[in-house]
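Visitor: I have a structure open in my viewer and would enjoy a tour. Could you walk me through it?

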Amino acid sequence: MTAQTCPRQHQRTTMEIASLEPSLYTVKAVFILDNDGHRLLSKYYDTELYPSMKEQKNFENNVFNKTHKADNEIAFVEGMTIVYKCSIDLFFYVVGSAQENELMLMAVLNCLFESLSQILRKNVERRCLLDNMDGVFLVVDEIIDGGVILESDPQQVIQKVNYRADENPLSEQSVAQIMQSAKEQIKWSILK
């Protein structure tokens, strides 16, 4: 039986077909909320989805209200596929379209969580996250760029983030080295 003669065959509109076409732009948004639902970090990659800050916060509140008491890993809210994870006093969310592969989104979420866990030395909580926000943004940027998944291996992300931190001439390590060198020079000048 051909597709034309099959009575169950549905006509698809151009919009439906276009929305089902594969795209590299997998991730619509990433955000981290505290246990009260307050935003700590958010990045929206689809500016048409929630163009204003008010719409973004309303969406985040809606997602938080539907997920913070649930014991699931996936939710469908406002036509979006959302994967999430809770740790102590933080909620991590990765948002994709309704047709998006949940396993891809979960790979991003796991990479984000594991990378942050390593950077924060297994202390994934609000205070530590806020104290290391520059590293958190680097991790997110290494995993996702403009909605495109770049990396899903936490070890690769950590290597890249550490490399970028080492490029910074005023990183903590280089400041400590400069201070040690200055102390040694002062010590030698006193002894002479």
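Guide: Gladly! One term before we start: helices and strands here are DSSP runs, numbered from the N terminus. Please keep in mind that this is a predicted model.

Visitor: Thanks! Where is Glu151 placed?

Guide: Two elements frame this residue, strand 7 (148–149) and helix 6 (154–167). Glu151 sits in the loop between strand 7 and helix 6.

Visitor: Is Glu151 buried or exposed?

Guide: The cut-off for buried is under 20% relative accessible area. Glu151 has a relative accessibility of 16%, so this residue counts as buried.

Visitor: Which backbone nitrogen does the side chain of Glu151 reach?

Guide: Beyond its neighbours within four places in sequence, Glu151 is in contact with residues including Cys111, Glu142 and Lys160. As for the backbone nitrogen, the side chain reaches one at 3.2 Å, and that nitrogen belongs to Asp153.

Visitor: On to the sheet. In what order do the 5 strands lie?

Guide: The sheet is open and its pairing is antiparallel. Strand 2 (39–44) and strand 3 (74–77) are the edge strands, each pairing on one side only. The twist from one strand to the next averages 20°. Read across the sheet, the order is 2-1-5-4-3.

Visitor: Which residue in strand 2 is the bridge partner of Ala29?

Guide: Strand 1 and strand 2 form a hairpin with 4 residues between them, and Gly37 in the turn has a positive phi of about 90°. The two strands pair in the antiparallel sense over 5 bridges. In that pairing, the partner of Ala29 is Tyr44.

Visitor: And at the other edge, which residue in strand 4 stands opposite Ile74?

Guide: Strand 3 pairs with strand 4 (residues 80–87) in the antiparallel sense, over 4 bridges. Opposite Ile74 stands Val83.

Visitor: At what angle does helix 3 run to strand 4?

Guide: Helix 3 (residues 102–119) lies across strand 1 (27–34), strand 3, strand 4 and strand 5 (90–97). Its angle to strand 4 is about 30°.

Visitor: Why does the span of helix 3 agree with its number of residues?

Guide: The helix has 18 residues, and the expected span is 1.5 Å times one less than that number. This gives 26 Å, and the end C-alpha atoms agree because their separation is 26 Å.

Visitor: Which residue caps the N-terminal end of helix 3?

Guide: Look for a side-chain oxygen 2.8 Å from the backbone nitrogen of Leu103. The oxygen belongs to the capping residue, Asn101.

Visitor: Which residues touch the most other members of the largest nonpolar core?

Guide: In soluble globular proteins, nonpolar side chains tend to be buried together. Here the largest core has 30 residues, and helix 3 gives the largest share, 8 residues. Touching the most other members are Ile32 and Phe92.

Visitor: One last stop: is Thr26 buried or exposed?

Guide: Thr26 is found in the loop between helix 1 (14–20) and strand 1. Outside its neighbours within four places in sequence, Thr26 is in contact with residues including Val95, Leu105 and Ile149. Its relative accessible area is 7%, so Thr26 is buried.

How values were computed:
Residues numbered from 1 in each chain as written. Predicted model: local features only at pLDDT ≥ 70, side-chain atom pairs only at ≥ 80, totals over all residues. Heavy atoms only, no water. Buried < 20%, exposed > 50% of the residue type's maximum accessible area, 1.4 Å probe, protein only. Polar contact = N/O pair within 3.5 Å; in protein donor to acceptor, adjacent residues only side chain to side chain. Contact = heavy atoms within 4.5 Å. Pairing = 2+ DSSP bridges. Axes fitted to C-alpha atoms, helices over the stretch in contact; angles between N-to-C directions. Core = buried A, V, L, I, M, F, W, Y, C linked by side-chain atoms within 4.5 Å.
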